[in-house]
Amino acid sequence: MIESLPRREREVFEVLCSLGEGTAAAVRGTLADPPSDSAVRTLLSRLVAKGLVAHRTVNQAYVYAPAEQAGAVAETALQRIVQTFFRGSAASAATALLGMEPKLTSEEIEALQRAIDNARKEAE
């Protein structure tokens with residue numbers, strides 16, 4: 001779905017996903033070549049209307065966050081990247097991702113090991 005978003009809406013959505021949550025000002029501060037404050041609020045409102053972003057009020061300010069379906073959007077985007085750049089190989093994509101991270105935490109290593117163990121069980 002994010003592929004069909006206009007460029008600026010997609011940028012705002014991606015920034016919000018990387019922040020986890022934030023105000024329009026925080027989103028604007030993270031954007032490269034940011035539009036005006038009102039333009040960012042308009043873009044966030046459009047994303048709310050599309051169901052990709054939710055908001056809550058904190059101290060009279062809207063705090064925006066990716067909606068629950070954002071996880072599904074992320075999975076679809078990742079599948080597209082794996083197909084496009086790694087010839088459909090999740091293992092190749094995972095190897096490339098691991099090469100980007102200089103040091104993994106023990107929790108990350110354990111999570112990866114569980115995923116590998118589950119994949120082995122499913123392959124048997």
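User: In this predicted model, where does the class "partly exposed" begin and end?

Analyst: Partly exposed is the class in between buried, which means under 20% relative accessible area, and exposed, which means over 50%.

User: Why is Ile 81 called partly exposed?

Analyst: Ile 81, found in helix α4 (residues 70-85), has a relative accessible area of 36%, and because this value falls in between the limits of under 20% for buried and over 50% for exposed, the residue is called partly exposed.

User: What makes Ile 81 eligible for a nonpolar surface patch?

Analyst: A patch takes residues with over 30% relative accessible area and no salt bridge, and Ile 81, at 36%, passes that cut-off; together with Leu 78 and Phe 85 it forms a nonpolar patch with about 310 Å² of accessible area.

User: Why does Glu 110 count as partly exposed?

Analyst: Glu 110, which lies in helix α6 (residues 106-123), has 46% relative accessibility, and since exposed would require over 50%, whereas buried means under 20%, Glu 110 counts as partly exposed. Glu 110 also belongs to a negative surface patch, formed with Glu 101, Glu 107 and Glu 108.

User: How do you know that Gln 60 is exposed?

Analyst: Its relative accessibility is 82%, and because exposed means over 50%, Gln 60 counts as exposed. Gln 60 is found in the loop between β1 (53-58) and β2 (61-66), and has a positive phi of about 65° although it is not a glycine.

User: What makes Arg 87 exposed?

Analyst: Arg 87, in the loop between α4 and α5 (90-100), has 82% relative accessibility, and therefore counts as exposed under the cut-off of over 50%. Arg 87 is not a glycine, yet has a positive phi of about 50°.

Terms used: Residues are numbered from 1 along each chain as its sequence is written. This is a predicted model: local features need pLDDT of at least 70, side-chain atom pairs count only at pLDDT 80 or more; totals for chains, interfaces and linings use all residues. Side-chain values use heavy atoms; hydrogens and water are left out. Patches are made of residues with over 30% relative accessible area and no salt bridge: like charges are joined within 9 Å, nonpolar side chains (Val, Leu, Ile, Met, Phe, Trp, Tyr) within 5 Å. Accessible areas come from the Shrake-Rupley method with a 1.4 Å probe; for residues, only the protein chains shown count as cover. A salt bridge is a side-chain nitrogen of Lys or Arg within 4 Å of a carboxyl oxygen of Asp or Glu. Helices (H or I, at least four residues) and strands (E, at least two) are DSSP runs, numbered from the N terminus. Buried means under 20% relative accessible area, exposed over 50%, partly exposed in between (1.4 Å probe, protein chains only). Lys and Arg count as positive and Asp and Glu as negative; His and the chain ends are not counted. The place of a charge is taken as NZ of Lys, CZ of Arg, CG of Asp or CD of Glu.
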